[in-house]
Amino acid sequence: MTLPNGRQITFVDTPGHESFAAMRARGAQVTDIVVLVVAADDGIMPQTIESINHAKDANVTIVVAVNKIDKENANPERIRQELLAYGLVPEDLGGETLYAMISAKKRTGIEDLLDAILLQAEMMDLKSDPTRRGQAVVLDARLERGLGPVAAVLVKEGTLRKGNFIVADNFYGRLRMMFDDHGNEVAEALPGVPVQVIGLGGVPRAGVILNSVPDEKTAKAMATLRTNQARVDDYKKRAPVRLEDLYAQIKEGELKEIKILLKGDVQGSVEAVRDALEKLSNDDVKVRIIHSAVGTITETDINFASASNALVIGFSVRPETKVKMLAEQSKVEIRLYNVIYDLLNDIKASIQGMLPPTFTEVVNGVAEVRNTFHISKIGTVAGCYVLEGKIVRNSKVRLMRDGAVVYTGNIGNLKRFKDDAREVQTGFECGISIDGYNDVKLGDRIESYNVVESRPDAPES
């Protein structure tokens, strides 16, 4: 919409019904600012909390619009107080969240809301360069008779122009026609403008990026690359996030955090479990609760978890059969617990598996070279006296001369007189050969050591 001062705001409306969780997740991912509309008479609903979590998950700033303030039972102050628990602190209370009190029915406060959005945009310094090649996000797409694939897109960067070669998903083509939100054909679309694009060779998925490219060759190459990537993504979808797989995924750089959707039987339990789980985070792995609530696990929870690639944990609650079936279809793992220690131990074990190992050097002992012998097929054997600790067969060794390390390697042979020895203690003589090294001299010291691999413990809750 165009404001009286000439500035423009593009709104992407997402339904509030619980069945549209995936759509709300996409909405939060494509916008710069989320306007959270809360009814002053109803208060905070499950969808409200879900929308807040979607916005936080996408790292998008929230502006709150408290609606229906004209109703007799409206209580806007109660809404403000309830939203404090979700980090939406108003400016007059020392926070950074902008609030607008409105009545959509009577059009009260609409100007205040628009001003709040523009102010937030200024504070965020939202800018885009219209001279760049166009880049847009696909909001929706369909196949329309007579026109072929039609994609509704929102331009995010640069300018889309008629005649551009475009790529979206694994489809490409030449932009033949564009229509604005009023159905008028346009020749170009600037940043922030929604348009319907015609010219792609197929129907792209909602949420993917549409790019304008220099020529058809580039477009075709990008489409081929994305086709291959789609195969990889499809494979990943068939192998979702599971506790047993977290270590492998973190090693491959695919997972930086454990996202959890938590449901419990009572508020006290949910809060306790949430706090305990969040305390398990460390510098390497973060445990993030993307949503928590009281009640059984629902289809909305599964859709949310699927959109966010999260685990679903139920504490003293059980999902219905249809919810389990949806979870299987969506490749979402549900973990059920009745004992908090079992839950925390499972997550701790996963985190510990994800943490990089530490390597500790353990020195076994030091021996002094007091004679050297050359034996065919073995090489130089050092006649040694063990000064401290013990020399251990199959350990690593450092050869030191005048305090400097001359060579690092492995013990080849360790003998007491003519017999092989497993180890030789302080005060005893022995013969030592070093694999691949023969330049041993009188007075050298041989240090026997081992490198022990260990994994740091997950933090205590």
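A residue counts as buried when its relative accessible area is under 20%. The structure discussed here is a predicted model, and this cut-off gives a first point of entry into it. Aspartate 301 has a relative accessibility of 4%, and it is therefore classed as buried. Aspartate 301 belongs to helix α8, and its surroundings lead directly to the sheet on which that helix packs.

Leaving aside residues up to four places away in sequence, aspartate 301 touches Leu261, Lys263, His291 and Thr296. With one of these, lysine 263, aspartate 301 forms a polar contact between side chains, at 2.7 Å. Lysine 263 in turn has glycine 314 of β14 as its bridge partner. Strand β12, which covers residues 257–264, pairs with strand β14, residues 311–315, through five bridges in the parallel sense.

These two strands are part of an open sheet of four strands, arranged in the order β13-β12-β14-β15 with parallel pairing. Strands β13 (286–294) and β15 (334–337) each have a single partner strand, so they stand at the edges and one side of each has no neighbour in the sheet. From one strand to the next, the twist averages 25°.

Two helices may now be placed against this sheet. Helix α7, formed by residues 267–278, lies across β12, β13 and β14 and runs at about 175° to β13. Helix α8, formed by residues 299–308, touches β12, β13, β14 and β15, and its direction makes about 175° with that of β12. The buried residues of α8 are Thr300, Asp301, Ile302, Phe304, Ala305 and Ser308. After α8 comes asparagine 309, which has a positive phi near 55°.

Helix α8 also meets another helix. The axes of α8 and helix α9 (residues 321–330) come within 9 Å and cross at roughly 15°. Angles under 35 degrees count as roughly parallel, and for this reason α8 is described as roughly parallel to α9. On the side of α8, the contact is made by Glu299, Ile302, Asn303 and Ser306, while α9 contributes Lys322, Val323, Leu326, Ala327 and Ser330. Ile302 thus appears both among the buried residues of α8 and in the contact with α9. The crossing of α8 past α9 is right-handed.

A sheet of another form can be found elsewhere in the chain. Six strands close into a barrel in the order β4-β5-β10-β8-β7-β11, and their pairing is antiparallel. Neighbouring strands of the barrel are turned against each other by 45° on average, direction ignored. One pairing within the barrel joins strand β7 (residues 165–168) to strand β11 (residues 209–213), antiparallel and over four bridges. In this pairing, phenylalanine 165 has valine 213 of β11 as its bridge partner.

Further along the sequence, strand β19 offers a useful thread to follow, and its partners may be taken in turn. Strand β18, residues 396–401, pairs with β19, residues 404–416, in the antiparallel sense over six bridges. Here leucine 399 stands opposite tyrosine 407 of β19. The hairpin of β18 and β19 has two residues between the strands, and aspartate 402 takes a positive phi near 55° in it.

Strand β19 forms a hairpin with β20 as well, again with two residues between the strands, and phenylalanine 417 in the turn has a positive phi of about 60°. Strand β20 consists of residues 419–420, and two bridges join it to β19 in an antiparallel arrangement. The bridge partner of lysine 415 in β20 is aspartate 420. A further partner of β19 is strand β22, residues 429–434, with which it pairs in the antiparallel sense over four bridges. In that pairing, leucine 414 stands opposite isoleucine 432 of β22.

The account may close with a residue from an earlier part of the sequence. Asparagine 67 lies in strand β2, which spans residues 61–67. Is asparagine 67 buried or exposed? Its relative accessible area is 13%, so it counts as buried. Not counting residues up to four places away in sequence, asparagine 67 touches Val37, Val38, Ala39, Ala40, Ile102, Ser103 and Ala104.

Notes
Residues are numbered from 1 along each chain as its sequence is written. This is a predicted model: local features need pLDDT of at least 70, side-chain atom pairs count only at pLDDT 80 or more; totals for chains, interfaces and linings use all residues. Side-chain values use heavy atoms; hydrogens and water are left out. Two strands pair if DSSP finds at least two bridges between them. Axes are lines fitted to C-alpha atoms, for helices over the stretch in contact, and angles run from 0 to 180 degrees between N-to-C directions. Contact means heavy atoms within 4.5 Å. Buried means under 20% relative accessible area, exposed over 50%, partly exposed in between (1.4 Å probe, protein chains only). A polar contact is a pair of N or O atoms within 3.5 Å; within protein, one must be able to donate a hydrogen and the other to accept it, and residues adjacent in sequence count only if both atoms are side-chain atoms. Angles under 35 degrees count as roughly parallel, over 145 as roughly antiparallel, 65 to 115 as roughly perpendicular and the rest as oblique. A crossing is left-handed if the near helix is turned anticlockwise from the far one by less than a right angle, and right-handed if clockwise.
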